[in-house]
Amino acid sequence: MPPTSISGPIRPSLLLVACYLTLAASGQAAVLQGSDSLTGDSFGQAVTVAGNSSLIGAPLAGSQSGSAYLFRNLDPVTGIATQTAKLVPSDPAAFHAFGTSVSLFGSIGVVGRPRDSFGTSTFNQGSAYLYRGLDTATGTVTQVAKLRASDRSEEDRFGQAVSVFGNIALIGTGGTNITFQRRETAYVFRNLNTATGSVTESAKLVPSDLAIGQSFGGSVSLAGTTGLISGVEGAYVFRNLDTVTGTTNEVAKLTASDGVAVGFDVSLSANMGLLGAPADSEVRGSAYLYRDLDTATGIRTEAAKLVASDRAAGDLFGEKVALSSTTALIGAASSEADRGAAYLFQGLNSATGTVTETVKLTGSDLTAEHTINSRSFGVDVSLDGDRFVIGAYGGEGASPRSGKAYAGTVSSVTTLDLGNVSRTILGISFNSRIDWVVGDTTDLNKVTLSFGNVAEVTGAGKGVFIGRNAGSDGNILRIDGTLTSNEVHIGSLAGNTANTLQLESTAIFQGLAFQLAPENLLKIEGDFTAIDNLLTYLGNTDLEIWDGSAWQDVDSANHTGLITSSFNAGYTDVRAIPEPASLGLLTVGALLLARRRKLNRGL
């Protein structure tokens, strides 16, 4: 019987990949928690992310006075991350809910305290706290200024919502004035770079049509000089906030064409807005997308309606929403048997009609027992470019049920094609309705699915691609957790090399087929060079090799004509044959030269 294993030296192309991988930039995932968090702190009730930093609110931390936790340099962090700095008020008081809302832009942060009280006979007027220098802050930090409404009164709950962009802050109110004597208001604060002491607003924003005593300002979002503010049956657009003074009405009102009450939570990015509608359809929830808000006037209805593909009654999808460029992240904290979930939507610049998610995210380590009042993962969400943060205030953080937050990247669960970067999926499981791609046209992208996390790519006709197109070389998908997919494509028949599916000893996988293209690699921890051992290991997953005209399933009878295998450094390396003889004649120097030429061409 022919030998089942062929041993030999590592080929030059693989040496080149190993060399470059040591230089790869690292962009990792982390579970965020406060170093001093205690049970019931509600860490993760409010979250925000800006660039490589995140600010997390814990309104019951610090003997119930509240705290906010700053995390910087998220890119190189993997595993459990504790804060870089802790933000507190200089005048702490129990149950004043400091940390109910948080916002971060550059080195400036704003934290809401809606139950702050002034005087002995009035309660819950609210305030917000301004912090600067957060790009270098460490230890425990107190505010540089305290923001207040000039016309504050009882139960306003000023600071229920906060948003900061550049040098401007937008502060919303969360209560209904108990005297019912005035409309609710949102407040604009400018010159945050120099503000100190106690500061009142530059302008007040009010809706033109809201009845006295109705809610307005429970959610606010600021992008550039445009603000978006929630109301009872819609949301209101305000522009030119860099110059407005006095009391100002909206330029446009956003409503739903189907009469659904929208605007529970709002998010604004450039000229697009997103409104949550968690009460829609037996509290299944939905969200509504609006475009061209830079020119919008009058009453506007949505461009698209966003819903979860698996929505169920009581999910509260849309209770929290985040929008960045053309991507949205929407929380549904009461779904998944009360563990919660969050949903990613992409390509919203052209979305119309009713749209379902591209990827659903859940907390890998959360169960129904890890909830507070049956709400956890997705209780707040934030998105900035590629990075997201999701709050889970019922999670097991530094102490039982102290809360946690999850930081990750959109590209790691969709398409990572930045070139020479590494991503880790940690603490989050996902179900994708689109292709999962590691390396579309670029080289040396790597994604690791950590132990305990689950990736499911189950959309009709969708699969996993490692090096999808010609010339996309040296990409790696490492599986320590669980992978379910219709197909996993390792390399491309169009021509690429050293793309690798790496299966660790903890890997669990289910699928129809692994398609291994020539010059690419299936790498398995352990010795599976014997064909019977390899087939047993693969179980119901076929290993398919291109024979020049069709994909052929490897079996005990035909394997010698389709694959070679070798055991090296604790791993079985499986390759397709025949391999192009021309590559074997190349030297490492020639491959390096080819790589440099490719980079010089900007590919």
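**Figure 1. Residue S412 in helix α5 of the predicted model.** The helix that holds S412 spans residues 410-413. With a relative accessibility of 3%, S412 falls under the 20% limit and therefore counts as buried. A polar contact links the side chain of S412 to the backbone oxygen of T409, at 2.8 Å. Once neighbours within four places in sequence are set aside, S412 is in contact with R423, I425, W436 and V447.

**Figure 2. Residue G394 in the loop between β34 and β35.** Strand β34 covers residues 387-392 and strand β35 covers residues 404-409, with G394 placed in the loop between them. The relative accessibility of G394 is 0%, so this residue counts as buried. Along the chain, G394 and V379 are 15 residues apart. In space, the C-alpha atoms of G394 and V379 are separated by 9.4 Å.

**Figure 3. Residue N475 and its surroundings in the loop between β42 and β43.** The loop lies between β42 (464-466) and β43 (476-479). N475 has a relative accessible area of 0% and is therefore buried. A polar atom of the N475 side chain lies 3.3 Å from the backbone oxygen of T442. T442 is also one of the contact residues of N475 when neighbours within four places in sequence are left aside. The other residues in contact with N475 on that basis include V438, G439, D443, L444 and N445, together with I466 and G467. A498, N499 and T500 likewise belong to the contacts of N475. A498 is 23 residues from N475 in sequence, and the C-alpha atoms of N475 and A498 are 7.1 Å apart.

**Figure 4. Strand β25 and its burial on both faces.** Strand β25 comprises residues 286-290, and 5 of its 5 residues are buried, so the strand is largely enclosed by the rest of the structure. On one side of β25 are the buried residues S286, Y288 and Y290. The other side of β25 carries A287 and L289, which are also buried.

**Figure 5. Antiparallel pairing of β25 with β24 and with β27.** Strand β24 (residues 272-277) pairs with β25 in the antiparallel sense over 5 bridges. Within this pairing, L289 of β25 stands opposite L274. Strand β27 (residues 304-307) and β25 are likewise paired in the antiparallel sense, over 3 bridges. Here A287 has L306 of β27 as its bridge partner. A287 and L289, named in these two pairings, are on one side of β25 and are both buried.

Technical notes: Residues numbered from 1 in each chain as written. Predicted model: local features only at pLDDT ≥ 70, side-chain atom pairs only at ≥ 80, totals over all residues. Heavy atoms only, no water. Helix = DSSP H or I, 4+ residues; strand = E, 2+ residues; numbered from the N terminus. Buried < 20%, exposed > 50% of the residue type's maximum accessible area, 1.4 Å probe, protein only. Polar contact = N/O pair within 3.5 Å; in protein donor to acceptor, adjacent residues only side chain to side chain. Contact = heavy atoms within 4.5 Å. Pairing = 2+ DSSP bridges.
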